[in-house]
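Visitor: Hi, could we walk through this one together? I'd like to start with how the helices pack.

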Amino acid sequence: MRRVFSGVQPSGELHIGNWLGAVQNWVALQDRYDCHYCIVDLHAVTFPYDSTILAERTREMVMSLLACGIDPQRSIVFVQSHVPEHTELQWLLTTVAPLGELERMTQFKDKSQRLESVPAGLFAYPVLQAADILLYRAEAVPVGEDQLQHLELTREVARRWNAQFAGDDPFLPEPQALLTTAKRIVGLDGQAKMSKSLGNTIGLTDPPEDIWGKLRPAVTDPARVTRKDPGTPEVCNIFDLHKHFSSPDTVELVAGNCRSAGWGCLDCKRVLADRISETLTPIRERFTTLRESPAEVDEIIGEGADRAQRLARETLKEVKSRMGFLPRKEG
Ligand code: TYM
């Protein structure tokens, strides 16, 4: 089976952008691939964070993934910092990662602009991401569109490392991105990518009243100033969300009523709020149940780390051997 690797930062709760763009696909891929899903806590500490809640957020992220349908019997679910080989491979890969490419990373530029003092870890972030993927020699990486640049860098790092150390037998495969039709979900502001740090999200475990509370003021087609103005569904983010949560019949009904001004934006949002709540309620309920058994969850990720580490060690041993390091004598 081909190998899949993907990761999510425990920097807040999962939102519908993460779910539609990535996690739903992670669940679907479990039947066809050898899947590795990682909570990337070492990435989360490259931006200012609260150390008193990191551990709890990490555990809750695991719970959210399990609640979405990630099955630890079929997939390896683990926490990045539990497998220290990630950081060792990262160091080795920094020796081939091109500085100029790192300087061009848009996420680095965006995030560093928001900081007075930029930590070197934020700059090296994409090399750790490359190490995550290459450590498992994964061939496919299900992500949203915002990660494509990091994935291109991973491919470049693999190419350069292979050229230097692997001769005719490219040991590190160049991974391919797997995108969904929801590769970039726009936030409730109708402008930026849905993102926790922008506060424009709907959380996967939000109860129906919160979903409605967030959708009510959400931005729609700016040309619909009054209730009687006809709208253009194609330019409305609420319509886009309907396409991901409502049946084709409902999507058609929504589009017709928007164009004819049969419905106002609030009518359209009410239907969307119901569809989203209906979809998310089972996830929220499973999450609530899992929250009652943190020890079980810790066991799942303990086992996940053991399984991931076995593979990680093999890759790292081969990488170090090809790079010419003196092996440590066993025993
Ligand atoms: P993160 O934690 O920001 O997001 C997790 C996944 O959700 C996707 N995503 C979205 N998709 C569509 N629309 C949106 N608005 C949206 N917001 C987020 C992301 O593309 C991602 O797939 N650097 C990564 C974590 C990472 C990783 C890796 C990913 C570390 N190592 C190795 C893949 C492979 C990140 O910050 O994702």
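Guide: Happy to. Let's begin with a helix pair: Glu 85, Glu 88, Leu 89 and Leu 92 in H4 meet Gln 309, Ala 312, Arg 313, Leu 316, Val 319 and Lys 320 in H13. Keep in mind that this is a predicted model.

Visitor: Thanks. What angle do H4 and H13 pack at, and how far apart are their axes?

Guide: H4, which covers residues 85–94, packs against H13 at about 25°, and the axes are 10 Å apart. That angle makes H4 roughly parallel to H13.

Visitor: And is that crossing left-handed or right-handed?

Guide: H4 and H13 cross in a left-handed way.

Visitor: Let's stay on H4 for a moment. Is Leu 93 buried or exposed?

Guide: Leu 93, which belongs to helix H4, counts as buried because its relative accessibility is 0%.

Visitor: What does Leu 93 touch, leaving aside neighbours within four places in sequence?

Guide: Leu 93 is in contact with Val 127, Ala 130, Ala 131, Leu 134, Val 157 and Trp 161. For Val 157, the C-alpha to C-alpha separation from Leu 93 is 7.1 Å, with their positions 64 residues apart in sequence.

Visitor: Back to H13, then. Where is Thr 315, and is it buried or exposed?

Guide: Thr 315 is in helix H13, residues 294–322. Thr 315 is buried, since its relative accessible area is 3% and the cut-off for buried is under 20%.

Visitor: Which residues does Thr 315 touch, again not counting those up to four places away in sequence?

Guide: Its contacts are Leu 134, Leu 135, Arg 137, Phe 171 and Leu 172. Leu 134 also appears among the contacts of Leu 93.

Visitor: Arg 137 caught my eye there. What is its phi?

Guide: Arg 137 has a positive phi, about 50°, although it isn't a glycine. Arg 137 sits in the loop between H7 and strand S4, which is 140–142. With a relative accessibility of 31%, Arg 137 counts as partly exposed.

Visitor: Where else is there a positive phi in a residue other than glycine?

Guide: Ala 261 is one such residue, with phi near 60°. Look for Ala 261 in the loop between helix H11 (248–259) and helix H12 (265–291).

Visitor: Is Ala 261 buried, exposed or partly exposed?

Guide: Ala 261 counts as buried, because its relative accessibility is 14%.

Visitor: You mentioned H7. How does H6 run relative to H7?

Guide: H6 and H7 are roughly antiparallel to each other. The axes of H6 (residues 106–113) and H7 (residues 120–135) come within 10 Å and cross at roughly 160°. The crossing of H6 past H7 is right-handed.

Visitor: Which residues meet there?

Guide: From H6 you have Phe 108, Lys 111 and Ser 112, and from H7 you have Leu 122, Phe 123 and Tyr 125.

Visitor: What about His 150, where is it and what does it touch?

Guide: His 150 is in helix H8, residues 148–165. Not counting residues up to four places away in sequence, His 150 touches Met 105, Gln 107, Tyr 125, Pro 126 and Gln 129. Tyr 125 is also one of the H7 residues that meet H6. His 150 counts as buried because its relative accessibility is 3%.

Visitor: How far is His 150 from Thr 106?

Guide: Their C-alpha atoms are separated by 9.3 Å, while the two residues are 44 apart along the chain.

Visitor: New topic: H1. How many residues does it have, and where does it bend?

Guide: H1 has 14 residues, 16–29, and bends by about 40° at Ala 22. From first C-alpha to last, H1 reaches 18 Å, close to the 20 Å expected.

Visitor: Is H1 mostly covered or exposed?

Guide: Mostly covered, with 10 of the 14 residues of H1 buried. Those buried include Trp 19, Leu 20, Ala 22 and Trp 26.

Visitor: Last one: how do H1 and H10 pack?

Guide: H1 and H10 (residues 237–245) pack at about 50°, with axes 12 Å apart, and the two helices are therefore oblique to each other. Their crossing is left-handed. Ile 16, Trp 19 and Leu 20 of H1 meet Leu 241, His 244 and Phe 245 of H10, and those three H1 residues are among the buried ones.

Definitions and conventions. Residues are numbered from 1 along each chain as its sequence is written. This is a predicted model: local features need pLDDT of at least 70, side-chain atom pairs count only at pLDDT 80 or more; totals for chains, interfaces and linings use all residues. Side-chain values use heavy atoms; hydrogens and water are left out. Helices (H or I, at least four residues) and strands (E, at least two) are DSSP runs, numbered from the N terminus. The expected span of a helix is 1.5 Å times one less than its number of residues. The bend at a residue is the angle between axes fitted to the seven residues ending there and the seven starting there. Buried means under 20% relative accessible area, exposed over 50%, partly exposed in between (1.4 Å probe, protein chains only). Axes are lines fitted to C-alpha atoms, for helices over the stretch in contact, and angles run from 0 to 180 degrees between N-to-C directions. Angles under 35 degrees count as roughly parallel, over 145 as roughly antiparallel, 65 to 115 as roughly perpendicular and the rest as oblique. A crossing is left-handed if the near helix is turned anticlockwise from the far one by less than a right angle, and right-handed if clockwise. Contact means heavy atoms within 4.5 Å.
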